[in-house]
Every structure is written in C-alpha cells, then in structure tokens.
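Student: Please take one part of this model and go through it closely, keeping to what can be read from the structure. I would like a single connected account.

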Amino acid sequence: MQKKLVAAALKIRKNAYAPYSGFKVGAAIETQTSVYSGVNVENSSYGATICAERNAIFQAVSREGNTVKIKGIAIATSSSPPAVPCGLCLQVISEFSSGDIPVFLVNEKGETLKYKLSELFPHNFTKEDLLKIH
C-alpha cells in the first residue's frame with residue numbers, strides 16, 4: 001500500500017494550483033475498491049481553496065458514495081521533513097477512515113514518515129459527539 005500511495009501522491013502533486021502560497025500538495029487515498037488522488041487548489045478568495053487531502057476524499061465519496069472507507073493515505077509536499085495535514089483535513093480523514101489508518105508523509109527528496117492517524121489526530125470529533133450536544 002505504501003509504495004502505491006506514495007507514488008500516486010508524488011505524481012499528482014505537479015498538478016496542484018498554488019499561485020499564492022507556492023506550496024503544492026498531492027494526496028492519494030486507498031479505499032476498499034480504488035485509489036483516488038487530489039491536489040490543493042488555491043483561490044484568490046482564500047476560503048474557496050481546497051486541500052489535496054479533502055480533494056481526494058471528496059472524489060472518492062462522489063464516486064463510491066457516502067459509505068466510503070479510507071484504508072490509507074499519502075501526502076506529498078516539498079517541505080523537509082514532510083508536512084503533516086492541517087486539522088481540517090485530519091478531521092475529514094478521520095470521518096471517512098476505516099479505523100486507525102496509516103498516514104504516509106513524503107517529499108521529493110524521498111523522505112518518508114509513517115504515522116497512525118491517531119498519532120496525528122488523537123481527539124477527533126465524531127457523530128456520537130454531535131449526538132451528545134443535542
């Protein structure tokens with residue numbers, strides 16, 4: 001899984017649209033049936049920007065439906081060490097993960113870090129938490 005996702009994230013990263021930050025990101029997720037890739041797409045109205053991780057996940061949901069489950073994810077950046085996803089993306093990854101999935105962080109130099117989702121995001125917000133509010 002790691003080699004396939006890392007290769008897909010690195011390959012798609014070149015398609016990122018990052019004219020404002022210059023920080024191109026590629027992401028690849030594996031579901032039960034397929035691999036989906038996404039890139040960050042910036043916008044001059046910064047709130048309209050989407051991160052690569054959410055782009056890939058939303059494509060999977062669009063194609064497979066709202067019961068999609070992520071088995072693993074790779075995120076490719078240029079930073080050293082490789083960058084960790086933002087909190088918003090970690091929440092979305094958590095929402096659609098099949099458990100404590102592997103998260104592979106990679107850069108163009110070949111540096112690769114592997115984490116479990118719970119190491120990066122130990123206190124996710126769940127549907128059950130939402131029910132407690134009401």
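**A helix residue, then strand β1**

Tutor: Ser94 counts as buried because its relative accessibility is 14%, and the cut-off for buried is under 20%. The model is a predicted one. Ser94 lies in helix α3, which covers residues 87–96. Leaving aside residues up to four places away in sequence, Ser94 touches Leu117, Phe121 and Asn124.

The part to look at closely is strand β1, residues 26–31. How many of the residues of β1 are buried? The count is 6 of 6, so by the under 20% cut-off the strand is mostly covered. In a regular strand, side chains alternate between the two faces of the sheet. Sorted by side, β1 has Gly26, Ala28 and Glu30 on one face, with Ala27, Ile29 and Thr31 on the other. These residues are all buried, and both faces of β1 are covered.

Next, the neighbours of β1 in the sheet. Strand β2, residues 35–39, pairs with β1 in the antiparallel sense over 5 bridges. The two strands form a hairpin, with 3 residues between them. Within this pairing, Ala28 of β1 stands opposite Ser37 of β2.

Strand β3, residues 70–77, also pairs with β1 in the antiparallel sense, over 6 bridges. Two residues of β1 can be followed across to β3. Glu30 has Gly72 as its bridge partner in β3, and the partner of Thr31 in β3 is Ile70.

The sheet can now be laid out. Its 5 strands run in the order β2-β1-β3-β4-β5; the sheet is open and its pairing is mixed. β2 and β5 (112–116) are the edge strands, each pairing on one side only. From one strand to the next, the twist averages 15°.

Helices also pack on this sheet. Helix α1, residues 2–13, touches β1, β2, β3, β4 (102–107) and β5. The direction of α1 makes about 145° with that of β1. Helix α2, residues 52–64, packs on the sheet as well and touches β1, β2 and β3. For α2 the angle is given against β2, at about 140°.

To put β1 together: the strand lies between β2 and β3 in the sheet order, with α1 and α2 among the elements that touch it. Its residues, from Gly26 on one face to Thr31 on the other, are buried.

How values were computed. Residues are numbered from 1 along each chain as its sequence is written. This is a predicted model: local features need pLDDT of at least 70, side-chain atom pairs count only at pLDDT 80 or more; totals for chains, interfaces and linings use all residues. Side-chain values use heavy atoms; hydrogens and water are left out. Buried means under 20% relative accessible area, exposed over 50%, partly exposed in between (1.4 Å probe, protein chains only). Helices (H or I, at least four residues) and strands (E, at least two) are DSSP runs, numbered from the N terminus. Two strands pair if DSSP finds at least two bridges between them. Axes are lines fitted to C-alpha atoms, for helices over the stretch in contact, and angles run from 0 to 180 degrees between N-to-C directions. Contact means heavy atoms within 4.5 Å.
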